[in-house]
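User: Hi! I have a protein to look at for class and would like some help reading it. Can we go through it together?

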Amino acid sequence: GEDKGGLVQYARTIDLAASKLSVADAQRVSLENLVRAAERGDVRGGTAMGNDGKPKFIIWGGHWLSATSLLLPGILRMAQAALGETEVCAAIPHREAMLLFGLRDENWRAGMQKTIDEKESDGRKPITRRLLKLLPTDKAPYYERLPFAYVA
């Protein structure tokens, strides 16, 4: 996708053909572009601390690629280290926000979902209220092995 002044224009198969790109090549280039955006600091996350002084969640926000950061290689390992959690959940309420937090139990997730609904319900481009469990991908690109599954 490409930001067109607040609108995202996606590459169509006809655009790929004109550029002599296969779908797999376009996916690879897109992921490389996302990684470069993260390396430049265009998209980045910050850790929010809980009342107990421990990391509560990580939020990526303020950029049209924030939700897409879910696909960054190593995002699970980074979140595990920052949060001190083994299993990590993601919420992508709209394109300019992604939150990462421990999977923990159903009550914890319900509380996090309530907070997310309260704080992130005003996003212009809603994506989903469903929570996603991050999966280890063994460094495989997202188009070869899915990096997440829906939390039941």
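**A first look**

Analyst: Happy to help! The protein has 4 helices and 8 strands, where helices (H or I, at least four residues) and strands (E, at least two) are DSSP runs numbered from the N terminus. This is a predicted model, in which local features need pLDDT of at least 70, side-chain atom pairs count only at pLDDT 80 or more, and totals for chains, interfaces and linings use all residues. Residues are numbered from 1 along each chain as its sequence is written, and side-chain values use heavy atoms, with hydrogens and water left out.

User: In what pattern do they come along the sequence?

Analyst: The pattern reads β-β-α-α-β-β-α-β-β-α-β-β.

User: Cool. Which residues have the most contacts inside the largest nonpolar core?

Analyst: They are W60, L70, I75, M98, L100 and L134, in a core of 23 residues. A nonpolar core is a set of buried Ala, Val, Leu, Ile, Met, Phe, Trp, Tyr and Cys residues joined through side-chain atoms within 4.5 Å. Buried means under 20% relative accessible area, exposed over 50%, and partly exposed in between (1.4 Å probe, protein chains only).

User: And which element gives the largest share of this core?

Analyst: That is α3, with 4 residues.

User: What is L70 in contact with?

Analyst: Leaving aside neighbours within four places in sequence, L70 is in contact (heavy atoms within 4.5 Å) with I75, A90, M98, L132, L134 and F148. There is also a second, separate core of 11 residues, with F57, C89, L103 and M112 among them.

User: Switching to strands: how do β3 and β4 pair?

Analyst: β3 (residues 45–49) and β4 are antiparallel, over 5 bridges; two strands pair if DSSP finds at least two bridges between them. G46 has I59 in β4 as its bridge partner. The hairpin of β3 and β4 has 5 residues between the strands, and G53 in this hairpin takes a positive phi near 80 degrees.

User: What does I59 partner with in β6?

Analyst: I59 has L99 as its bridge partner there. β4 and β6 run antiparallel and are joined by 4 bridges.

User: One more residue: where does T137 lie, and what does it touch?

Analyst: T137 is in the loop between β7 and β8 (148–150). Not counting residues up to four places away in sequence, T137 touches R145, L146 and P147.

User: Why does T137 count as buried?

Analyst: Because its relative accessibility is 15%. Across the protein, buried residues make up 36% of the 152 residues.
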